[in-house]
Every structure is written in C-alpha cells, then in structure tokens.
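User: I would like to go through the labels attached to this model and see the reasoning behind them. Please set each value against its cut-off before concluding.

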Amino acid sequence: MELIYLDNNATTRVAPEVFEAMQPYLTSLYGNPSSAHAFGRNLRSAVERAREQVAEFLGANDSSEIVFTSCGSESDNWAIGGFLEQNPGKRHVITTRVEHEAVRSLCEHLAEIGCEVTWLEVNESGELDLDGLRRALRRDTGIVSVMLANNETGVLFPIEDVGRIIREHSEAVFHVDGVQAVGKIPINLRDWPVDLFALSGHKFHAPKGVGALYIRRGVMLPPFIIGGGQEQGRRAGTEAVANIVALGRACQLANEFNGHDQIRALRDKLEDELLSKIPNARLNGTADRDKRLPNTTNISFEYVEGENIVAMLDEAGVCVSTGSACSSDSHEASAVLRAMNIPYTAARGSIRFSLSRYNTEADIDYTLNVLPGVIERLIEMSPYESELRALGARK
Ligand code: PLP
C-alpha cells in the first residue's frame, strides 16, 4: 500500500535536491571546518555559503545575523531564555496561549521560577487579541514571543502589526517563532519589526537536526553553548556541516518554489469536500483562507475521537495527526483548540491535515474517498449516534 502523507507540519520529506547537496559532506568531505589543514578548513566556505542562503531567504540584512542551531525548539529556547539571562532586570514576558510547546512550556517554566508571564488570548477563529497586547505591554516587559503561523490550525498572526505595537508602546524585544511559516509564506525580516526569529530545517524539506536563529544586529544574547567559539562565539560545538549545507539548499529551493497555489488548491478541495460531505465536520481556525497557511486545514469531527480517526486512516495508509506531534501521546484536548474555546466534543475529534509539494490530487481524492466511511463507522460506534444523525439532517 502506498503511503499518503498529510502530516507535513509534523515533519517533511528531505527533498532529493537537498539530499544531493548534503551527501558529499557525509562521505568524502568529512573534515572539521575549524581544522588547520585545508581539507577541514575548506569546509568553512560551505558553512558560510549556507548562512548566506538562509540570510537571503529570510531577507536578513547580513548573514552574520544567522546562527545555526539543532532545531526550532532550541532556537526558541535560546531566544527567550537567553534574552532574560542577559537582562535580569526585565522579568515580564508576553506570549500567546496558542504557542507551540517549545515556547509555551518554556514560558510556564519561567513563570515557576519568578518571571511574570502575560498570556495573550485568541478568539474562536484563532485570531490574536491585539488590544490585549497593547494593554499588556509595560516598561519592564523584556520580551514578547508570538508565533507567525500556528502549527495546529495554520492561522497566521499579523506579525508586522504585532511588532509595530511593541515598538510603539515599549522597548521590549520581539521574538517570532517562524518554524511553521518558513517555506510556506514569504518572510522579510529586513522590513519586519522583528528582533529574533526561529526556524527549523525539517519543516521544509531539510533533515532533522538543524535549525537557525536570526538575531538582529544589535540584539545581545549570551552564547547558547559555551566552548570552542564556533558560530561567532554564540553556539559552540563542531558544526554539523552536512545539515547546515542542507538547510542552505532547502532555503534556496523554497525561494525558487512556485507551486504554493497548487498546494493551496489541494488543501481547499480537501477542506471544502470534507465540510460539505461529512455531517459532523467543522473547521477550526478562521474561514478566511488568506489568514491561514496554504497547506493546513484543521477539522473537527464532533463526538468522535480524533485518535480513532488517526488510527483508522493509518490502517488505510493515510498519515494525519490530531494536532502537534509533540502532544500526540496526551489524551487531553489540544491546548490550542481549548484556547480558541472550541467545545470539548469537537476539540477531542480534531484532525490536522498538512500538505506539501509532494502531495498529489490522487492523495486528496483517496483521502476524500476513505474518510467519510471512517467517520460513519465511528458514528455507528458512538454513544451520541442519534445526536450525530440529527446534525446530519440539519446540514
Ligand atoms: N515551533 C513550532 C510552531 C512548531 O510547529 C515546532 C515543531 O512542530 C517547533 C517550534 C519545534 O521545532 P523542532 O521540532 O525543530 O524542535
């Protein structure tokens, strides 16, 4: 059975072009860029070329603003934790209720160790309360961390507006978790009022194990790892040259990619047909598709369990998830959907479908073919069968 992979917000396939670019650095070009001999030393230029590719793709002013890390979680943790370490007098942090665990759990931890954290609310469509941000900003606000695109719903936050409000009302530094947005929508850090920006390679066709943190020139962070002085003394440890080269190539590929409209069209077809065909289906996240990532749709099937849908689709060869891959072991309803005030009976039955450039119309047709049957079988097994039939009759 051929695998249909609709879980690209969890991770993506390494692009063949990316694999080809990194391969020599795993085989023949295995030197250490810090070595004195030419065999190692020559790899320095590969690392710096990759840094330039990332900087150009993000619209950074200078490649020295890019530091390679191991993943998005590291970039987020360094940005927020590092800023607070550097500025011990600024203990007020602002973030949102719908951040990925990499930011949310860190901020929960910061609150336990004496920082004051303000959690910004979202509405039922997942949109951010900008007035809440205005009210929350204070003289001692050190850092504001807001994601660009939500990993579960795909809802985009108006980062330029957020940055402008921060600049108008405070001296706080602005960190953006851009992990889900990179490779899916244009990024322009030169013009955006953003100081720190996290990304992760495996979300856009580079391998796992490499990410980056953009640190705007003039913003000071202590080193994330102290040691040999690599990465301009900001993150020690021998560079993962192959992964870094892969990240640079993935940025270049993403820059050249012009198939976003096709991904969007497939997503729209999936979303439209599921919402119209399946009686207990409802969309999570704004209905305004321009305010969502083009590859993501999150749909609840009320009164059925998301885990059961995932398992039955898995048997049929389709990979989806109930939400963030990091929380897939937990039987709680998604914190993101709870923050959006989605009723519990719907939040428990939510499924995230996330597409990539490798999905085809046949993948979507197959999913549309099997999913109604899966939901029908779960409705038959549900103690709420009569309520569900009534929902169907009303639709
Ligand atoms: N931020 C967001 C919005 C994410 O979706 C993820 C991963 O799902 C991360 C951060 C963490 O990235 P990584 O898996 O590279 O640590």
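Analyst: A convenient place to begin is Tyr303, which lies in the loop between strand E10 (296-301) and H10. Please keep in mind throughout that this is a predicted model.

User: Why is Tyr303 called partly exposed?

Analyst: Its relative accessible area is 28%, and the class of partly exposed covers what falls between the limit for buried, under 20%, and the limit for exposed, over 50%; Tyr303 is therefore partly exposed.

User: What makes the phi of Tyr303 worth noting?

Analyst: Tyr303 is not a glycine, and yet its phi is positive, at about 70°. Most residues other than glycine have a negative phi.

User: Which class of exposure does Asn341 fall into, and where is Asn341 placed?

Analyst: Asn341 is in the loop between helix H11 (335-339) and helix H12 (344-347). Its relative accessibility is 58%, and since exposed means over 50%, Asn341 counts as exposed. Asn341, too, is a residue other than glycine with a positive phi, here near 65°.

User: How do you know whether Leu148 is buried or exposed?

Analyst: Leu148 has a relative accessibility of 4%, and buried means under 20%, so Leu148 counts as buried. This residue is placed in the loop between strand E5 (141-147) and helix H7 (159-169). Leaving aside neighbours within four places in sequence, its contacts include Val155, Phe157, Val176, Ile187, Trp192 and Phe197. With Val176 the C-alpha to C-alpha distance is 6.3 Å, although the two residues are 28 apart in sequence.

User: Which residues touch the most other members of the largest nonpolar core?

Analyst: They are Leu58, Ile187 and Phe197, in a core of 72 residues, to which helix H8 (residues 241-256) gives the largest share, 10 residues. Not counting residues up to four places away in sequence, Ile187 touches Phe57, Leu58, Gly59, Leu148, Ala181, Val182, Trp192 and Phe197. Apart from this core lies another, of 29 residues, with Leu6, Ile299, Val318 and Val374 among them.

User: Why are H9 and H13 described as roughly parallel?

Analyst: Helix H9 (residues 260-277) packs against H13 at an angle of about 15°, with the axes 10 Å apart. Angles under 35 degrees count as roughly parallel, and H9 and H13 are therefore roughly parallel to each other. Their crossing is right-handed. On the H9 side the contact includes Leu266, Lys269 and Leu270, which meet a set of H13 residues including Glu361, Ile364 and Leu371. The residues of this contact divide into seven nonpolar, one polar and five charged.

User: What makes H10 oblique to H13?

Analyst: The axes of helix H10 (residues 306-315) and helix H13 (residues 361-381) come within 10 Å and cross at roughly 135°. That value is not over 145, as roughly antiparallel would require, and it lies outside the 65 to 115 range of roughly perpendicular, so H10 is oblique to H13. H10 passes H13 in a right-handed crossing. The contact is made by Asn308, Ile309, Met312 and Leu313 of H10 together with Val370, Leu371, Val374, Ile375, Arg377 and Leu378 of H13, and these residues divide into eight nonpolar, one polar and one charged.

Conventions
Residues numbered from 1 in each chain as written. Predicted model: local features only at pLDDT ≥ 70, side-chain atom pairs only at ≥ 80, totals over all residues. Heavy atoms only, no water. Axes fitted to C-alpha atoms, helices over the stretch in contact; angles between N-to-C directions. Helix = DSSP H or I, 4+ residues; strand = E, 2+ residues; numbered from the N terminus. Left-handed = near helix turned anticlockwise from the far one by under 90°. Contact = heavy atoms within 4.5 Å. Nonpolar A, V, L, I, M, F, W, Y, C, P; charged D, E, K, R; others polar. Core = buried A, V, L, I, M, F, W, Y, C linked by side-chain atoms within 4.5 Å. Buried < 20%, exposed > 50% of the residue type's maximum accessible area, 1.4 Å probe, protein only.
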